[in-house]
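Hi everyone, thanks for coming. Today I'd like to walk you through the pockets and the aromatic rings of one structure.

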Amino acid sequence: MKEITRYIEELKDRYHLKSDYALAHKLGITQPEANHLRRGLKIPKEELCIKIAKLLGKNPVELMLVAQKDRAPQEAKEYWTLARTAVDVMLHVPSHPRYLPKKVEAIGRELRQMEAHCLQYANGAAVTEPVRLMETTERTVDALMEYWNFWKIGGPLYPNYLLANQEAVRRGVAIRRLLVISAAQAADKDSLGDAIQVMEDQQQCGVQILYAFREELLNSVTYQRLVQAYKRRGSAAEINAAIFDNEIMVMARAYETVPLGLTGSPNMITRISQLEITWKPDVIEELNPTPLFDMTRYVRDYTGKKNFMADWTRFSRELHPHAKSGPLAMPALGG
């Protein structure tokens, strides 16, 4: 049974139309056409949907969506049902509590952005949306992180996004994350300790962690081209990006440092202030970091603190072969 017939029956009841002739007269159509509409053998066109909606005091968009769903093939009906639900919510959302119209406004903004195959989020939403993206991932995640500080304890991605990663791994998603560590970061005791803790946390959650020293990685033409491609596409200077199921991509476009706390000395935290999610095939092809994971000359699996520190010592000596002490000397870590 076509859903549009329910509106035809409602119209007959409201105006006491006892026959197809009366229905046809009310709608300005022929009697055979009225008969076919009532029996669900014909779907009204847009002009007739508007007329029926006006007689019933309904929004014409509702009837046009119902009619479109009725004439759609079976595999597409659920999408038109979803569209009708979205329109119905937007038409009947109350003004209070204020959260509801704000939520509907955000949904409408996302729908408009989706026409361009690109969603953009700012501030708090830029931190929470990657969690939803991870929750829908089915197979793989390949991530490149030059700004990996987000993952440390107290950072904006800890623990919610880390927990979402863990749940994805339990579902069978293979997650690989490449941390790019600069010589300046590795030479700082606190920063190096943070990097090790981040890698340990990720590994415990089932993520395959890889790392590379940026000064070494810059010797790779592939990495140089990738950095330039991210720059052209509007990425933040320090790349934070991931490809999900090889079909959708998230990329940080800007960061901001904000104070956390109203009294005393607030803690300064850095978070993503602008985030972009896109499923444009050309963008994904250009920015896909996957080739870096196979670059074994510069990229290595994290196999524990001891091996990592040995690798850092080797890199530090190669970077400054004549330095015996100073800022690039191997920092002493506790534990």
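Before the volumes, a quick word on terms: a pocket here is an open set of grid points where a 1.4 Å probe fits, with protein on both sides within 12 Å along at least five of seven lines, and its volume is the space filled by probe spheres set on the points. Please also keep in mind that this is a predicted model.

So, how much space lies in the largest pocket? About 780 Å³. Its lining counts 27 residues, and those that lie nearest the centre are E110, L119, Y121, E129 and R132. Three elements each give two or more residues to that lining: α7 (99-114), β1 (118-122) and α8 (124-135). Of these, α7 gives the most, with nine residues. By character, the lining of the largest pocket has 13 nonpolar, nine charged and five polar residues.

The second largest pocket holds about 180 Å³. Among the residues lining this pocket are Y147, N149, F150 and K152, as well as N267, M268, I269 and T270. Here the lining divides into six nonpolar residues, five polar and one charged.

Now for the rings. The structure has eleven aromatic pairs. Which residues do ring pairs link into a cluster? Those are Y211, F213, Y302, F308, W312 and F315.

Last, two arginines sitting over rings, for those of you who like cation contacts. R6 lies over the face of Y7, 4.6 Å from the ring centre. The charged end of R176 is over the ring of F293, at 4.4 Å from its centre.

That's my tour, and I'm happy to take questions.

Conventions: Residues are numbered from 1 along each chain as its sequence is written. This is a predicted model: local features need pLDDT of at least 70, side-chain atom pairs count only at pLDDT 80 or more; totals for chains, interfaces and linings use all residues. Side-chain values use heavy atoms; hydrogens and water are left out. On a 1 Å grid over the protein atoms alone, a cavity is a set of points where a 1.4 Å probe fits but cannot get out, and a pocket is an open set with protein on both sides within 12 Å along at least five of seven lines; lining residues have an atom within 4 Å of a point. Helices (H or I, at least four residues) and strands (E, at least two) are DSSP runs, numbered from the N terminus. Ala, Val, Leu, Ile, Met, Phe, Trp, Tyr, Cys and Pro count as nonpolar, Asp, Glu, Lys and Arg as charged, and the others, Gly among them, as polar. Rings of Phe, Tyr and Trp (its six-membered ring) pair if their centres lie within 6.5 Å; planes under 30 degrees apart count as stacked, over 60 as edge-to-face and the rest as tilted. A charge sits over a ring if NZ of Lys or CZ of Arg is within 6 Å of the ring centre and within 35 degrees of the ring normal.
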